[in-house]
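This report describes the packing, the charged pairs and the backbone of one protein chain. Please keep the sequence and the structure at hand while reading.

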Amino acid sequence: MADKAMGMLVDYDYCTGCHSCEVSCKERFDMAEDEWGIKLADNGPWRYSETDWEWNHVPIPTEECDLCADRVGKKREPSCVHHCLAQVMRFGPIDELVAELDKKPKQVLFVPR
């Protein structure tokens with residue numbers, strides 16, 4: 001039986017923008033200042049009512065990301081998932097993660113090539 005395809009689900013409704021995913025990846029792979037395995041994108045802030053604002057932080061894996069295939073091969077989580085302080089990243093079989101997408105609107109699913 002073939003291994004299941006794996007991915008990463010990010011619930012960006014609760015991402016705090018702490019950058020720990022970026023830092024853990026950069027440190028692990030000894031990346032230069034202008035290199036990224038995962039990059040935190042900011043969407044906002046903007047006012048949508050008199051008293052309310054929206055500001056989303058969305059961690060986005062780059063082309064360099066293989067979701068830490070070597071760590072996963074040793075039954076460990078990808079470094080960014082392991083170090084996420086807000087615990088908004090989940091790693092697992094794509095079919096299971098897709099089922100989670102219907103439960104909440106502010107989520108994104110990443111699948112490496």
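Strands are DSSP runs of E covering at least two residues, and they are numbered from the N terminus. N56 belongs to strand β3, which spans residues 53-61. The model discussed here is a predicted one.

**Strand β3: N56 and I60**

With a relative accessible area of 4%, N56 is buried. Its side chain makes a polar contact with the side chain of K106 at 3.1 Å. Not counting residues up to four places away in sequence, N56 touches Y12, A41, D42, N43, W46 and K106.

I60 is found in strand β3 as well. Is I60 buried, partly exposed or exposed? The relative accessible area of I60 is 36%, so the residue counts as partly exposed. Its contacts, leaving aside neighbours within four places in sequence, are I38, K39, A41 and F110. I60 and P112 are 52 residues apart along the chain, and their C-alpha atoms are separated by 11 Å.

**The nonpolar core and helix α1**

In soluble globular proteins, nonpolar side chains tend to be buried together. In this model the largest nonpolar core has 19 residues, and those with the most contacts inside it are M8, V10, I38, C80, V81, V88 and M89. Two or more residues of this core come from each of β1 (6-11), α1 (20-29), β2 (38-47), α3 (79-83) and β4 (89-93). Leaving aside neighbours within four places in sequence, V10 is in contact with P59, V88, M89, K106, Q107, V108 and F110.

The buried residues of α1 are S20, C21, E22, S24, C25 and K26. Together, the buried residues of α1 pack against β2, β3, α3 and β4. C21, in helix α1, has a relative accessible area of 6% and is therefore buried. Apart from residues up to four places away in sequence, C21 touches I38, P59, C80 and M89. By contrast, C21 and E50 are 33 Å apart in space, C-alpha to C-alpha, with their positions 29 residues apart in sequence.

**Charges and rings**

K26 lies over the face of W36, at 4.2 Å from the ring centre. K39 also lies over the face of W36, at 4.1 Å from the ring centre. The count of aromatic pairs is zero.

Side chains of opposite charge can pair when their charged atoms come close. How many salt bridges does the model contain? The count comes to nine salt bridges, and the table lists three among them.

| Salt bridge | Closest N to O distance |
|---|---|
| D13 and K106 | 4.0 Å |
| R90 and E100 | 3.6 Å |
| K103 and E100 | 3.0 Å |

D13 forms a salt bridge with K106. D13 lies in the loop between β1 and α1, and K106 in the loop between α4 (94-101) and β5 (107-110), so this pair ties together parts that are 93 residues apart in sequence. The relative accessible area of D13 is 36%, which makes the residue partly exposed.

R90 and E100 meet through their side chains in a salt bridge. This pair links distant parts of the chain, with R90 in strand β4 and E100 in helix α4, 10 residues apart. R90 is partly exposed, at a relative accessible area of 39%.

E100 also forms a salt bridge with K103. K103 counts as exposed, at 61% relative accessibility. Salt bridges that share partners join D11, D13, E54, K104 and K106 into one network.

**Backbone features**

Most residues other than glycine have a negative phi, and most peptide bonds are trans. Against this background, several positions in the model deserve a look.

Phi of H19 is positive, near 70 degrees. H19 is placed in the loop between β1 and α1, and its relative accessible area of 31% makes H19 partly exposed. D30, which follows α1, has a positive phi near 50 degrees. Phi of C68 is likewise positive, near 50 degrees. C68 lies in the loop between β3 and α2 (69-73) and is buried, with a relative accessible area of 7%.

Which peptide bond is cis? The bond from G44 to P45 is cis, with omega near 5 degrees, and P45 is found in strand β2.

Notes
Residues are numbered from 1 along each chain as its sequence is written. This is a predicted model: local features need pLDDT of at least 70, side-chain atom pairs count only at pLDDT 80 or more; totals for chains, interfaces and linings use all residues. Side-chain values use heavy atoms; hydrogens and water are left out. A nonpolar core is a set of buried Ala, Val, Leu, Ile, Met, Phe, Trp, Tyr and Cys residues joined through side-chain atoms within 4.5 Å. Buried means under 20% relative accessible area, exposed over 50%, partly exposed in between (1.4 Å probe, protein chains only). Helices (H or I, at least four residues) and strands (E, at least two) are DSSP runs, numbered from the N terminus. Contact means heavy atoms within 4.5 Å. Rings of Phe, Tyr and Trp (its six-membered ring) pair if their centres lie within 6.5 Å; planes under 30 degrees apart count as stacked, over 60 as edge-to-face and the rest as tilted. A charge sits over a ring if NZ of Lys or CZ of Arg is within 6 Å of the ring centre and within 35 degrees of the ring normal. A polar contact is a pair of N or O atoms within 3.5 Å; within protein, one must be able to donate a hydrogen and the other to accept it, and residues adjacent in sequence count only if both atoms are side-chain atoms.
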